[in-house]
Amino acid sequence: TVAYLLNKWMYAALSSQVIEELYFEHFAKKLCPIGLAGKNCELFCHPTYGAANVAGKCVCESPKWTGDDCSIEIPEDTNSIPEVLITIALFLMTINILVI
């Protein structure tokens with residue numbers, strides 16, 4: 001029967017100490033090496049700015065990098081204050097200076 005064969009296989013694996021090898025061969029999640037991604041580790045993933053997750057998808061380390069391989073840099077917006085707000089602030093400052 002199946003149960004007998006399964007018990008025999010498990011006993012043989014435990015007695016010959018190959019259970020770890022069998023686990024790593026059949027059950028362990030295989031991760032891609034650094035610089036590779038994809039289901040079979042065939043795609044490039046930038047080694048400095050990204051890394052492959054368990055599913056093989058290249059995940060960028062920060063929002064500054066994008067793309068399938070994390071090699072496209074998103075330019076940083078250093079001035080996030082709208083120009084209309086700057087104009088209003090300068091106008092109000094001018095009024096204050098003229099009144100004083």
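## Starting at C60

C60 is a good place to start: with a relative accessible area of 23%, C60 is partly exposed. Keep in mind as you look around that this is a predicted model. C60 pairs up with C70 in a disulfide, and their two sulfur atoms are 2.1 Å apart. If the word is new to you, a disulfide is a covalent bond between the sulfur atoms of two cysteines.

Which hand does the disulfide of C60 and C70 have, left or right? The torsion about the S-S bond is about -105°, so this one is left-handed. C60 sits in strand β4, while C70 is in the loop between β5 (65–66) and β6 (72–73), so the bond ties together parts that are 10 residues apart in sequence. The partner C70 is buried, because its relative accessible area is 0% and the cut-off for buried is under 20%.

## A glycine next door

Stay in that region and find G67, which belongs to the loop between β5 and β6. G67 has 28% relative accessibility and counts as partly exposed. Which residues does G67 touch, once you leave out those up to four places away in sequence? They are C60 and I72.

For a sense of distance, pick out E21 as well. E21 and G67 are 46 residues apart along the chain, and their C-alpha atoms are separated by 37 Å.

## Two more disulfides

How many disulfides are there in total? The count comes to 3. Another of them joins C45 to C58, with 1.9 Å from sulfur to sulfur. C45 lies in the loop between β2 (43–44) and β3 (50–52) and C58 lies in strand β4 (residues 58–60), so this bond links distant parts of the chain, 13 residues apart. The torsion about the S-S bond of C45 and C58 is about 65°, and so this disulfide is right-handed. Both ends are tucked away: C45 is buried at 1% relative accessibility, and C58 is buried at 8%.

Then there's the disulfide of C32 and C41, where the sulfur atoms are 2.1 Å apart. That link is left-handed, with -90° about the S-S bond. Its two ends fall into separate classes. C32 has a relative accessible area of 16% and is buried, whereas C41 has 22% and counts as partly exposed. The numbers may look alike, but the line for buried is drawn at under 20%, so C32 makes it and C41 doesn't.

Now count the bonded cysteines along the chain and see who pairs with whom. The pattern is 1-2, 3-4, 5-6.

## A lone salt bridge

How many salt bridges does a search of the whole structure find? Just 1 turns up. It is formed by E73 and K64, with 3.4 Å between the closest N and O atoms. Neither partner is buried: E73 is partly exposed at 45% relative accessibility, and K64 is partly exposed at 40%.

## A nonpolar patch

Some nonpolar side chains show up on the surface too. I81, L85, I86, L90, M93 and I97 make a nonpolar patch of about 570 Å². Take M93 as an example: you'll find M93 in helix α3 (residues 83–99), and at 46% relative accessibility M93 counts as partly exposed.

For the protein as a whole, the exposed area is about 8700 Å², and carbon and sulfur atoms supply 65% of that.

## Zooming out

Time to look at the whole chain. The protein has 3 helices and 6 strands, and reading along the sequence you meet them in the order α-α-β-β-β-β-β-β-α. Why is the protein described as more spread out than a compact globule? Its radius of gyration is 29 Å, well over the 13 Å that the globule rule gives for 100 residues, so it is more spread out than such a globule.

The box around the C-alpha atoms gives you another view: along the principal axes, that box is roughly 100 × 25 × 20 Å. Buried residues make up 14% of the 100 residues in the protein. As for contacts with a separation of 6 or more, 7% of them are between residues 24 or more positions apart.

Terms used. Residues are numbered from 1 along each chain as its sequence is written. This is a predicted model: local features need pLDDT of at least 70, side-chain atom pairs count only at pLDDT 80 or more; totals for chains, interfaces and linings use all residues. Side-chain values use heavy atoms; hydrogens and water are left out. A disulfide is a pair of cysteine sulfur atoms within 2.5 Å. Buried means under 20% relative accessible area, exposed over 50%, partly exposed in between (1.4 Å probe, protein chains only). Helices (H or I, at least four residues) and strands (E, at least two) are DSSP runs, numbered from the N terminus. Patches are made of residues with over 30% relative accessible area and no salt bridge: like charges are joined within 9 Å, nonpolar side chains (Val, Leu, Ile, Met, Phe, Trp, Tyr) within 5 Å. Accessible areas come from the Shrake-Rupley method with a 1.4 Å probe; for residues, only the protein chains shown count as cover. A salt bridge is a side-chain nitrogen of Lys or Arg within 4 Å of a carboxyl oxygen of Asp or Glu. The radius of gyration is taken over C-alpha atoms; the globule rule is 2.2 Å times the number of residues to the power 0.38. Contact means heavy atoms within 4.5 Å.
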